[in-house]
Amino acid sequence: MPHLRLADKAGNRAYRVEAADAVVGRDPSCAIVLQGEGTAVVSSRHARLVLQDGSWWLEDLGSRNGTFLNGRRITSGARQKVNLGDEISFGGTGPKLLAEEVAGRNLAATISEATPAVPMQTLMEARPAAPAPPPAPAGPRQVVRLSLRTGDGKKLVGQDVDVVIGRSRESIIRLEGDMALAVSRRHARIFYSGWKICIEDLGSRNGTWLNRKRVEGPTIIERGDVIEFGAGGPMLTVIDVALLGPAARRTEVDMKAVDPDSPFLSELPTPAMDRPAFKTSGERKK
């Protein structure tokens, strides 16, 4: 079973993390509550430990005094992988935890999209459930532009009336390598429902999750949401999602003209193919 065991280097206390998302801080509601000597420099919600892509990651939550992994400060919002023997520090003079056990999870690769989705236990919903969107009105479909961030800080962007995410080379946003083992060829799509921009699972083998709740139908998606491909699978954070209008689909994207600092520039290369990590509809098969 995936878990993380952390030992307090200043005492005899140890913490075991089994939840896929565990917050560390002084707040009593945290999964790991730091108390005692040296914790005055610890924020109420200081950092969190996340099980992603079969590995454990450490993320600072905008703490006042910073989070350190093996003496190096983690940029707020970024993630660093936690390995056996690593030392996690909360502030320069705060508590230090040693990673004594680091057990991840290996998800099975997708075999067939026709196989029914495997039931998985859901966690507590991160926000109140939104009402189901009404059917899309007749007329030209609206183009959605979606910008995502991977766990290691890289950016992915897609633009179309249906922004499909999956392993297939026909996907608008294509996931590759180790992070795609649990991802189906056409795993999920983001589209405008005629009321709101929504995400929908496309019958994937391992399911699509939004903010720790399984997507059972069209579900409203917003900036800051976290998309997960299979429980404990790869996670993508929504940096931005916007509606561009029906004419935008016909506009070709000149990658050389894109500002390199723009949030809509894909920073995830696809070395296995001579095409970018995402495509406009002009590149899709007709």
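How much space lies in the largest pocket? The answer, for this predicted model, is about 610 Å³. I shall begin with that pocket and then turn to one sheet and one residue.

Thirty-one residues is the count for the lining: of these 31, D21, R48, V50, R212 and V226 are the closest to the centre of the pocket. Four elements each give two or more residues to the lining, namely β3 (21-25), β5 (47-52), β21 (226-229) and β22 (235-243). Sorted by class, the lining comprises 14 nonpolar, nine polar and eight charged residues.

My second topic is an open sheet. Five strands form this sheet, and their order is β15-β14-β16-β17-β20, with mixed pairing. At the edges are β15 (173-174) and β20 (219-220), each of which pairs on one side only. Within the sheet, β16 (residues 188-192) and β17 (residues 197-201) run antiparallel and are joined by five bridges. One residue pair may serve as an illustration: Y192 has I197 in β17 as its bridge partner.

Finally, I should like to consider L146, which belongs to strand β12 (residues 144-149). Is L146 buried or exposed? Its relative accessibility is 0%, and therefore L146 counts as buried; the cut-off for buried is under 20%. Beyond its neighbours within four places in sequence, L146 is in contact with L156, V157, G158, V163, I165, I173, I190, V238, D240 and V241. The chain also brings A242 into the picture: A242 is 96 residues from L146 along the chain, yet their C-alpha atoms are separated by 6.6 Å.

Key. Residues are numbered from 1 along each chain as its sequence is written. This is a predicted model: local features need pLDDT of at least 70, side-chain atom pairs count only at pLDDT 80 or more; totals for chains, interfaces and linings use all residues. Side-chain values use heavy atoms; hydrogens and water are left out. Buried means under 20% relative accessible area, exposed over 50%, partly exposed in between (1.4 Å probe, protein chains only). Contact means heavy atoms within 4.5 Å. Two strands pair if DSSP finds at least two bridges between them. On a 1 Å grid over the protein atoms alone, a cavity is a set of points where a 1.4 Å probe fits but cannot get out, and a pocket is an open set with protein on both sides within 12 Å along at least five of seven lines; lining residues have an atom within 4 Å of a point. Grid points are joined across faces, edges and corners, and a volume is the space filled by probe spheres set on the points. Ala, Val, Leu, Ile, Met, Phe, Trp, Tyr, Cys and Pro count as nonpolar, Asp, Glu, Lys and Arg as charged, and the others, Gly among them, as polar.
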